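Colleague: I should like a close look at one part of this structure, namely a helix and the way in which the rest of the structure encloses it. Please then follow the argument outwards to the elements around it and to the aromatic pairs.

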Amino acid sequence: MTNQILKNFNKLQFEHDLLHWYAESKRDLPWRSENDPYKIWVSEIMLQQTKVDTVIPYFNHFIEKYPSVYELAAAEQQDVLKAWEGLGYYSRARNLQNAVREVVEEYGGKVPSTPKELGSLKGIGPYTKGAILSIAFNQPEPAVDGNVMRVFSRVLKIEEDIAQQSTKKLFEDYVRELISKEDPSSFNQAIMDLGATICTPKSPGCMLCPVQAYCRAFAEGIQDELPIKKKAKKQKSLSYVVLLIENKNGDFVIEKRLENGLLANLWQFPMVPIEEIGMDHLVNWIYSEYGVHIHLRKKVGNLKHVFSHLIWKLEIFEAKTTQTEIHDDRIIFVHRDDITKYPFPVSHQKMLQYINSSIEEDTV
DNA sequence: AAGACGGGGCC
DNA sequence: GGCCCAGTCTT
């Protein structure tokens, strides 16, 4: 089935030119300094849907804190989430730790090197499985991500919708045919580097491309039309009132989010789904849900936060309470100086600025 | 097959 | 504002 497209494709010369370019131009990245499967694994999880420049500082800190599977397996989940704070897709962190614990318990602490075992671990899908097998264990397995689909959709002129699952399998078939048997690790990484630095989504640098001579899209001048991808749906909007509730000790009410779903197990300031509750019932609703009696002081600002699938429209209010205790382990008082010890989503980290700016107001 | 799941950077 | 990013899991 791959025969038609690859029939007149010079596989060996393509491989040679690609690997030659990679040897000269590969990026110097922290996870490329050694071949520890655990570190490759951590890097691949962090890199899911996340740019290299964003990942680098997180990776360095994470490895310093958890140098091997044993430290990560033994850690508190809250600490792991704190190390992941701001990186997004927090289920990656929870799944990674669960999988690492399985590696410690079931595999003697050694990252498994078979497709079946590796693919059965939480958070390791087809891409990450192939990436670890090829990069850490030098096995000729495809690792098809957005870069790979973009590069090969252009080189081979593939016009299927890359948002479709079936299309991804198609690319895995092509990579299986093309991948270097001598150096599969470099081959996969070379395609990713190429996609990240030259064969970019917009205005690709074809004049600098080491495999321009093999590129069917370039030959026809249609590199800007590929890959084909169906448009994403628009996000739904949700409105909340967020309450910065402070008592006389300088403690704030924060709550732990549910253990599943959006921002699972992270902490936040109380959020009121204001469309359903209504401003008139806000104080009563807070008392019934949180057991805290408050009085509103003033609105301190608006915040819009965009996720991939929804938008939060937040109105931030200051409120006061005379209470100093809550009988609940999910809802707690925390002193303003200790709030940063808890993992918070970025949207709520921004509210810490309101809290800190109100200190200055009081002091002035 | 379609949604849920973060956040940042670019145009 | 929309698109993209070294994707995976759930429904």
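Modeller: Helix α9, residues 126-135, is largely enclosed by the rest of the structure, because eight of its ten residues are buried. The model is a predicted one, and the values that follow are computed from it. The buried residues of α9 are Tyr127, Thr128, Gly130, Ala131, Ile132, Leu133, Ser134 and Ile135. Their packing partners are four helices: α3 (37-46), α8 (115-119), α11 (165-178) and α12.

Of these partners, α12 leads on to a further helix contact. Helix α12 spans residues 184-197 and packs with helix α10, residues 146-155, at an angle of about 80°, the two axes lying 8 Å apart. An angle of 65 to 115 degrees counts as roughly perpendicular, and α10 and α12 are therefore roughly perpendicular to each other. On the α10 side the contact is made by Asn147, Val148, Arg150, Val151 and Phe152, which meet Phe187, Ile191, Met192, Leu194, Gly195 and Ala196 of α12. By character, the residues of this contact comprise eight nonpolar, two polar and one charged.

Two residues of that contact, Phe152 in α10 and Phe187 in α12, recur in an aromatic cluster. The cluster consists of Phe9, Phe14, Phe152, Phe187 and Tyr214.

The count of aromatic pairs comes to 14. One of them joins Phe269 and Phe344, with 5.6 Å from centre to centre and 50° between the planes, a tilted arrangement. Phe269 lies in the loop between β3 and β4 (271-273), whereas Phe344 lies in the loop between β7 and α16 (346-363); the two are 75 residues apart, and the pair thus links distant parts of the chain. Residues count as buried under 20% relative accessible area. Phe269 is buried, with a value of 0%, and Phe344 is buried, with a value of 1%. A further pair is formed by Trp285 and Tyr290, whose ring centres are 6.2 Å apart and whose planes stand at 65°, so this pair is edge-to-face. Trp285 is also buried, at a relative accessible area of 18%, and Tyr290 is buried at 8%.

The strands β3 and β7, which flank the loops of the Phe269 and Phe344 pair, both pair with strand β2. This strand, residues 251-256, is mostly covered, with five of its six residues buried. Five bridges connect β2 to β7 (residues 331-335) in the antiparallel sense, and two bridges connect β2 to β3 (residues 267-268), again antiparallel. Glu255 takes part in both pairings: its bridge partner in β7 is Ile331, and its bridge partner in β3 is Gln268.

The wider setting can be given briefly. Chain A has 16 helices and seven strands, and its C-alpha trace spans about 75 × 50 × 40 Å along the principal axes. Of the 364 residues in chain A, 49% are buried. Among contacts between residues at least 6 apart in sequence, 67% join residues at least 24 apart.

Conventions
Residues are numbered from 1 along each chain as its sequence is written. Chains are lettered from A and ligands numbered from 1 in the order in which they are written. This is a predicted model: local features need pLDDT of at least 70, side-chain atom pairs count only at pLDDT 80 or more; totals for chains, interfaces and linings use all residues. Side-chain values use heavy atoms; hydrogens and water are left out. Axes are lines fitted to C-alpha atoms, for helices over the stretch in contact, and angles run from 0 to 180 degrees between N-to-C directions. Angles under 35 degrees count as roughly parallel, over 145 as roughly antiparallel, 65 to 115 as roughly perpendicular and the rest as oblique. Contact means heavy atoms within 4.5 Å. Ala, Val, Leu, Ile, Met, Phe, Trp, Tyr, Cys and Pro count as nonpolar, Asp, Glu, Lys and Arg as charged, and the others, Gly among them, as polar. Buried means under 20% relative accessible area, exposed over 50%, partly exposed in between (1.4 Å probe, protein chains only). Two strands pair if DSSP finds at least two bridges between them. Rings of Phe, Tyr and Trp (its six-membered ring) pair if their centres lie within 6.5 Å; planes under 30 degrees apart count as stacked, over 60 as edge-to-face and the rest as tilted.
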